Amino acid sequence: MASIFSRIVAGEIPCYKVAETDHCLAFLDVNPVVRGHVLCIPKKEVDYIFDLDDDLFVELHRFSRTVARGLKKVCPCVKVGVAVVGIDVPHTHIHLMPLNNPGDLNFGHHVKMEPAEMQELAAQIAAAIE
């Protein structure tokens, strides 16, 4: 069975998309740790990040850097934190999160955001990336 992220890539499940290339997709996490929590994924379903082929591994990281730069413009922060956990969804994904304090990178904490707020934030980040 395809992962939830593969179903998002296929258009079966909607997302708050912020960027896309031929091989990568970035969208807001629907259960964000902080406002602006973005997930960057390869469109190809590969469970473990270190199993990606070299080209896709590099492309995903370059794509994530581009997304992080746009994210920082929209969500003012000291830095954009990066995490690769790889336990919850069997599809490689890089978490990008605006950070102002070390405690902001806490997967046990989540913020509530309304769909309209998520949609507006996604549009703002997308515009900042272009």
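Strand 1 and strand 2 make a hairpin, with 3 residues between them. In this predicted model, the two strands run antiparallel and are joined by 3 bridges. If you would like one pair to look for, take E20, whose bridge partner in strand 2 is L25.

Follow strand 2 across to its other side and you meet strand 3, paired with strand 2 in the antiparallel sense over 5 bridges. Here L28 has V38 of strand 3 as its bridge partner. Strand 3 (residues 38-42) in turn pairs with strand 5 (residues 94-99), again antiparallel, over 3 bridges. Along that seam, L39 stands opposite H95 of strand 5.

Put together, these pairings belong to an open sheet of 5 strands in the order 1-2-3-5-4, with antiparallel pairing. Its edges are strand 1 (17-20) and strand 4 (79-83), each of which pairs on one side only. On average, neighbouring strands of the sheet are turned by 20 degrees against each other, direction ignored.

Strand 2 deserves a second visit. Because 5 of its 5 residues are buried, strand 2 is largely enclosed by the rest of the structure. In a regular strand, side chains alternate between the two faces of the sheet. In strand 2, C24, A26 and L28 point one way while L25 and F27 point the other way, and all of them are buried.

What lies against this sheet? Helix 2 lies across strand 1, strand 2 (24-28), strand 3, strand 4 and strand 5, and runs at about 160 degrees to strand 3. Helix 3 (residues 115-129) also packs on the sheet, where it touches strand 1, strand 2 and strand 3. The direction of helix 3 makes about 30 degrees with that of strand 1.

For a closer look at helix 2 (residues 54-74), pick out A68, which sits within it. A68 counts as buried because its relative accessibility is 16%, below the 20% cut-off. Leaving aside neighbours within four places in sequence, A68 is in contact with V80 and L96. A68 and M97 are 29 residues apart in sequence, yet their C-alpha atoms are 8.4 Å apart in space.

Now to the cysteines. A disulfide is a covalent bond between the sulfur atoms of two cysteines. How many disulfides does the model have? The count comes to 0. C15 is in no disulfide, and the nearest cysteine sulfur, that of C40, is 12 Å away. With a relative accessibility of 29%, C15 counts as partly exposed. And why is C24 not bonded to C40? The closest cysteine sulfur to that of C24 is in C40, 7.9 Å away, which is too far for a bond. C24 has a relative accessibility of 0% and so counts as buried.

Finally, turn to the open space around the protein. Rolling a probe the size of a water molecule over the atoms shows where empty space is left. The largest pocket holds about 330 Å³ of space. It is lined by 22 residues, and those nearest its centre are F5, D29, V30, N31 and L39. The elements that give two or more residues to this lining are helix 1 (4-9) and strand 2. Helix 1 gives the most, with 3 residues. Two residues met along the way thus bring the picture together: L39, opposite H95 in strand 5, is among the residues nearest the centre of the largest pocket, while L28, the bridge partner of V38, belongs to the buried strand 2.

Definitions and conventions
Residues are numbered from 1 along each chain as its sequence is written. This is a predicted model: local features need pLDDT of at least 70, side-chain atom pairs count only at pLDDT 80 or more; totals for chains, interfaces and linings use all residues. Side-chain values use heavy atoms; hydrogens and water are left out. Helices (H or I, at least four residues) and strands (E, at least two) are DSSP runs, numbered from the N terminus. Buried means under 20% relative accessible area, exposed over 50%, partly exposed in between (1.4 Å probe, protein chains only). Contact means heavy atoms within 4.5 Å. Two strands pair if DSSP finds at least two bridges between them. Axes are lines fitted to C-alpha atoms, for helices over the stretch in contact, and angles run from 0 to 180 degrees between N-to-C directions. A disulfide is a pair of cysteine sulfur atoms within 2.5 Å. On a 1 Å grid over the protein atoms alone, a cavity is a set of points where a 1.4 Å probe fits but cannot get out, and a pocket is an open set with protein on both sides within 12 Å along at least five of seven lines; lining residues have an atom within 4 Å of a point. Grid points are joined across faces, edges and corners, and a volume is the space filled by probe spheres set on the points.
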